[in-house]
Amino acid sequence: MTDKLTPAHEDYLEAIYQLSKNGLEPVRSVDLAAKLAVSKASVNKALTKLKKVELVEQPHYGDITLTSKGCAYASGVLKRHRVLYRFLVDVLGVEPRCAEVEACNMEHAMSDDTLKRWTEHLDSLYGSNDKA
């Protein structure tokens, strides 16, 4: 897999994944900019990096699509986000808006191995959580 990206690049991948309906549809740059509340220039800069590491494809001024590698990476980021969010809200009782922000910050620091172990532990305590 690709070396770990910056949190900002992971946010771009996660947003593309969500906008593309789990990697199935192309995404317009303008929609990505709106979702992340950034400029189109910022989107173009981030896409340059994501294309370089072969996580996204975009023909000149065309729609953005995730590569299979990009789709796998983005779905992992989103899964970490969802597990953290559910834990913060359901187990700790954190207010949902606060949990959303904190899960977004925390998702970038958690490895896939830690996520797997955390999920298995929570499943052993509370049963499988299909929301994650």
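Here is a walk through this structure, which is a predicted model, going from its helix pairs to its cores and then to a few loop residues.

Let's start with helix H1, residues 7-19, and how it meets helix H4, which covers residues 68-91. The axes of H1 and H4 come within 8 Å and cross at roughly 95°. Angles from 65 to 115 degrees count as roughly perpendicular, so that is the label for H1 against H4. If you want to find the place where they touch, look on the H1 side for Glu10, Leu13, Glu14, Tyr17 and Gln18. Facing them from H4 are Gly70, Cys71, Tyr73, Ala74, Ser75, Val77, Leu78, Arg80 and His81. Sorted by class, the residues of this contact of H1 with H4 come out as 7 nonpolar, 4 polar and 3 charged.

Stay with H4 and follow it to its meeting with helix H5, residues 96-106. Here too the axes come within 8 Å, but the crossing angle is roughly 140°. Anything over 145 would count as roughly antiparallel, so H4 and H5 are oblique to each other instead. The crossing of H4 past H5 is right-handed. On H4, the residues making this contact are His81, Leu84, Tyr85, Leu88 and Val89. H5 answers with Pro96, Ala99, Glu100, Glu102, Ala103, Cys104 and Met106. This contact of H4 with H5 holds 9 nonpolar residues, 1 polar and 2 charged. You may recognise His81: it belongs to the contact with H1 and also to the one with H5.

Now for another pair, helix H2 (residues 29-36) and helix H3 (residues 40-52). How far apart are their axes, and at what angle do they pack? The axes are 9 Å apart, and the angle is about 105°. That makes H2 and H3 roughly perpendicular to each other. Ser29, Leu32 and Ala33 are the H2 residues in the contact, and they meet Lys40, Val43, Asn44 and Leu47 of H3. The count by class is 4 nonpolar, 2 polar and 1 charged.

With those helices in view, turn to what is buried among them. The largest nonpolar core has 22 residues, and Leu13, Ile16, Leu32, Leu50 and Val56 have the most contacts inside it. H1, H2, H3 and H4 each supply at least two residues of this core. The largest share, 5 residues, comes from H1. Two of the names are already familiar: Leu13 is part of the contact of H1 with H4, and Leu32 is part of the contact of H2 with H3. For a closer look at the core, pick leucine 50. Setting aside residues up to four places away in sequence, leucine 50 touches Leu5, His9, Tyr12, Leu13, Ile16, Leu55 and Val56. There is also a second, separate core of 12 residues, including Val83, Ala103, Leu115 and Leu122. Ala103 is one of the H5 residues that make the contact with H4.

Finally, the loops. Between H1 and H2 you will find serine 20. Is serine 20 buried or exposed? Its relative accessibility is 2%, so serine 20 counts as buried. Apart from residues up to four places away in sequence, serine 20 touches Glu25, Val27 and Leu66. Lysine 21 is in that loop between H1 and H2 as well, and has a positive phi of about 55° although it is not a glycine. Most residues other than glycine have a negative phi. Tyrosine 61 also has a positive phi, near 60°. Tyrosine 61 sits in the loop between strand E1 (56-57) and strand E2, and its 74% relative accessibility makes it exposed.

Just after E2, in the loop leading to H4, comes threonine 67. The relative accessibility of threonine 67 is 14%, which is why it counts as buried. Beyond its neighbours within four places in sequence, threonine 67 is in contact with Glu54, Leu55, Val56 and Glu57. Val56 is one of the core residues with the most contacts. Our last stop is alanine 109, in the loop between H5 and helix H6 (112-126). Alanine 109 is exposed, with a relative accessible area of 70%. Its C-alpha atom is separated by 9.6 Å from that of arginine 80, 29 residues apart along the chain.

Notes: Residues numbered from 1 in each chain as written. Predicted model: local features only at pLDDT ≥ 70, side-chain atom pairs only at ≥ 80, totals over all residues. Heavy atoms only, no water. Axes fitted to C-alpha atoms, helices over the stretch in contact; angles between N-to-C directions. Helix = DSSP H or I, 4+ residues; strand = E, 2+ residues; numbered from the N terminus. Parallel < 35°, antiparallel > 145°, perpendicular 65-115°, else oblique. Left-handed = near helix turned anticlockwise from the far one by under 90°. Contact = heavy atoms within 4.5 Å. Nonpolar A, V, L, I, M, F, W, Y, C, P; charged D, E, K, R; others polar. Core = buried A, V, L, I, M, F, W, Y, C linked by side-chain atoms within 4.5 Å. Buried < 20%, exposed > 50% of the residue type's maximum accessible area, 1.4 Å probe, protein only.
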